[in-house]
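Me: I'm new to this one and would like a walk through it. Can you take my questions as they come?

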Protein chains: 2
Amino acid sequence: MNLKELSNHLGLSQTTVSRALNGYPEVSETTRARVVAAADRHGYRPNTRAKALATGRSMAIGHILPVSTRNEMVNPVFADFIAGASETYSRAGFDLVLSVVGDQDQGTHARDLAGRRAVDGFIVHAPRPEDPRIALLKEICIPFVVHGRATGADPDHAWVDINNLRAFRRATEFLADLGHRRIALLNGLETYDFAQRRRAGFLEAHAARGLEPDETLMSSSEMTEQNGYTAARELLERSDPPTALLCSSIIIAFGARRAVDGLGLRLGKDVSLISHDDVLSYFRNGGEEPYFTAIRSSVWDAGRQAAEALMEQIADPRKRPQILLETDFVIGGSTGPAPDMEHRLKEA
Amino acid sequence: MNLKELSNHLGLSQTTVSRALNGYPEVSETTRARVVAAADRHGYRPNTRAKALATGRSMAIGHILPVSTRNEMVNPVFADFIAGASETYSRAGFDLVLSVVGDQDQGTHARDLAGRRAVDGFIVHAPRPEDPRIALLKEICIPFVVHGRATGADPDHAWVDINNLRAFRRATEFLADLGHRRIALLNGLETYDFAQRRRAGFLEAHAARGLEPDETLMSSSEMTEQNGYTAARELLERSDPPTALLCSSIIIAFGARRAVDGLGLRLGKDVSLISHDDVLSYFRNGGEEPYFTAIRSSVWDAGRQAAEALMEQIADPRKRPQILLETDFVIGGSTGPAPDMEHRLKEA
DNA sequence: ATTGAAATCCAAAGCGCTTTGATCAAACTG
DNA sequence: CAGTTTGATCAAAGCGCTTTGGATTTCAAT
């Protein structure tokens, strides 16, 4: 059933039917009611393609997911982020078109999608410092929202991000205040902007508490369980192990905990652990009570907000919402006072 | 730059330019070369919407992700599956439109997407027995591939699935052959078809080895780390604990391992554990050597194959590929002979 | 009654592409 | 050399919608 058939059926012109359905005022309420009734009786749905062609809007948003082609990785964070965004899109009548592309082809892909007029806007995932996608999209002149920030890129664009720096500074200070002097950072890949900010927060806290940061206590890797395990294990087996671990992802934290258990150490006693927690669907931080002490911020919610920011920008292209989300800090059982370590005893 | 402008620029008709670009034979190779050169010099990209309208094909595939609205869960399995599928789509020039919808609205959503002619086909995720979506899509008459199977639904449709039954039967038999008599099943939600098949395999193995299955050793829940932990902990704290755990997901297995560690038990000695392993990006089963003994099958690859099956069906709607993937069985350090338990001693 | 204005409705153009059916020249037939 | 085929190109219709610019009717106000 298309517009023509529907309007013939009703004995009205296509114009009137179209207007009735789209809520224009030039049509009497009686007619509108009649049209709407007939439309959903016959299950009429306007053809998206035709509508898009006529209006010049495709009513779709592009998400370009980076994937390390070499090791075929998709961060589970994206799943939750997209689920959040999707909610907003549905409500606004937008579709979500997703492409998963290797890092190198992202520009091409975005340009293609935009050039073909397949989408009205983009969400940019996992930005790196001076991310070239930002310049590209500005040049193409299409609305977009960055999830995260890109140090060094032209800052005049919309973004949604959490306050990584403050969160990691706070967590580190919390550990320092518990007496920990050797704190390790198990970070994500520091080619990403978020990881650099987290490291910066970690370092700021050291400065604030008069601690000497130790480069050998900082690792940076893809945020997998296995990497968390390996990094933590190596650290804890050293002759001068850290007494606390700060993890950039709950997935790393799970791996780190495996290492702690495996070495017969007790979490919260022998070793303290704080994790960043994106509140991922399948990796909730414990049940009612948090298991790990954590910096918490729902990425699902960030997705929702990013989508809303984009809708706003599409409605009025001059707008460029910039949303900085603060994180929660929740205390779980994974942290405690620093144990009396050899080197502390010597000091005394 | 659109077709009209490009053809004016070249002094050719739109027809010729269109044909040159789409590889039709009615155009001389000299002209084609000239057209192609001009097209990419000017970065011409045909407007998807116009093309879709003219051809009647939208060159897009719909994925409808179910999400438990109540607890906002997106299974990380989807991320990898979609990444795999996406690869195939890109190559074939298809886009992927994703909607994340609560269980109850899935039918509506599919009907909507199809009715609006926004997609040319669907992938159906997470089927349940007699899943109504299958009947719906058959009625709408649009190509689709089910990831998994739906017992009880009209079987005449395309699907890609792993041999859940055989895999779980084999794993259970493996444990039985190691002397385990009390084997627990930590299954996914048994409202899903895959979980029912896994349970069936588990039971078949019991029958084959002359073991009495114990209902109280079988649990079924959303496959989260926390649920794995809780279920394993409860089981292992019983007076008659199982000596082996069979987990339906590596995420459950991680939780179960936490419980094992927490109780001071040794994996592979006091308790054996086998997991199903979807080879998820961020939850690889160990490094070079598998950590858990596991039934392994890459869901990324399943995504790729499902997408290919769909492309095939779209090209020729009479085709209905049905692909059953066998799983690998890999031996890791998490399994070993059953410990001598009280009740076994009594027997002797 | 007359006049606008407001309320309804419509015909037709246009969005950017594909595709049908036709044209015309050049290259083969016998 | 007339007649046919082939090769290369084009004009125009159409895909299903929106939207512009009237046309017609209604009705309160003059």
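Reply: Sure, here are some ground rules and then a chat about the chains, the DNA strands and a few residues. This is a predicted model, where local features need pLDDT of at least 70, side-chain atom pairs count only at pLDDT 80 or more, and totals for chains, interfaces and linings use all residues. Residues are numbered from 1 along each chain as its sequence is written, while chains are lettered from A and ligands numbered from 1 in the order in which they are written.

Me: OK, how are chain A and chain B related by rotation?

Reply: Chain A superposes on chain B by a rotation of 180° with 0.0 Å of shift along its axis, at an RMSD of 0.1 Å (a least-squares fit on C-alpha atoms of residues with pLDDT of at least 70 in both copies). The two copies are thus related as by a two-fold rotation axis. In chain A, the C-alpha nearest that axis belongs to A:V97, 2.2 Å from it.

Me: And how many residues does each chain put into the contact?

Reply: Chain A gives 48 residues and chain B gives 48 residues; contact is when C-beta atoms, placed from the backbone, lie within 7 Å. On the chain A side, α5(A) gives the most, with eight residues. By class, that side has 23 nonpolar, 14 polar and 11 charged residues. Here Ala, Val, Leu, Ile, Met, Phe, Trp, Tyr, Cys and Pro are nonpolar, Asp, Glu, Lys and Arg are charged, and the others, Gly among them, are polar. Helices (H or I, at least four residues) and strands (E, at least two) are DSSP runs, numbered from the N terminus.

Me: Why do you say the copies meet through the same surface?

Reply: Because 100% of the interface residues of chain A are also interface residues in chain B.

Me: Switching to DNA. Which residues are closest to strand C?

Reply: A:S13, B:N2, B:L3, B:S18 and B:A54 are the closest of the 26 residues that surround DNA strand C. Near means a C-beta atom, placed from the backbone, within 6 Å of the strand. The largest share of that surface, five residues, comes from α4(B).

Me: What about strand D?

Reply: DNA strand D also has 26 residues around it, and the closest are A:N2, A:L3, A:S18, A:A54 and B:S13. For strand D, α4(A) gives the most, with five residues.

Me: Back to α4(B). Which residues are buried there?

Reply: B:T48, B:R49, B:A52 and B:L53 are buried in α4(B) (20 or more other C-beta atoms within 10 Å of a residue's own; 12 or fewer is exposed, in between is partly exposed, and C-beta atoms are placed from the backbone). They cover an arc of only 130° around the axis, which puts them on the same side of α4(B); the arc is that of the directions from the helix axis to the C-beta atoms. What covers them includes α4 of chain A. Just after α4(B), B:G56 takes a positive phi of about 80°.

Me: One last residue: is A:V146 buried or exposed?

Reply: A:V146 is buried, with 26 other C-beta atoms within 10 Å. This residue lies in strand β4 (residues 144-147) of chain A. Not counting residues up to four places away in sequence, A:V146 touches A:V124, A:P127, A:I134, A:H157 and A:W159.

Key
Contact = placed C-beta atoms within 7 Å.
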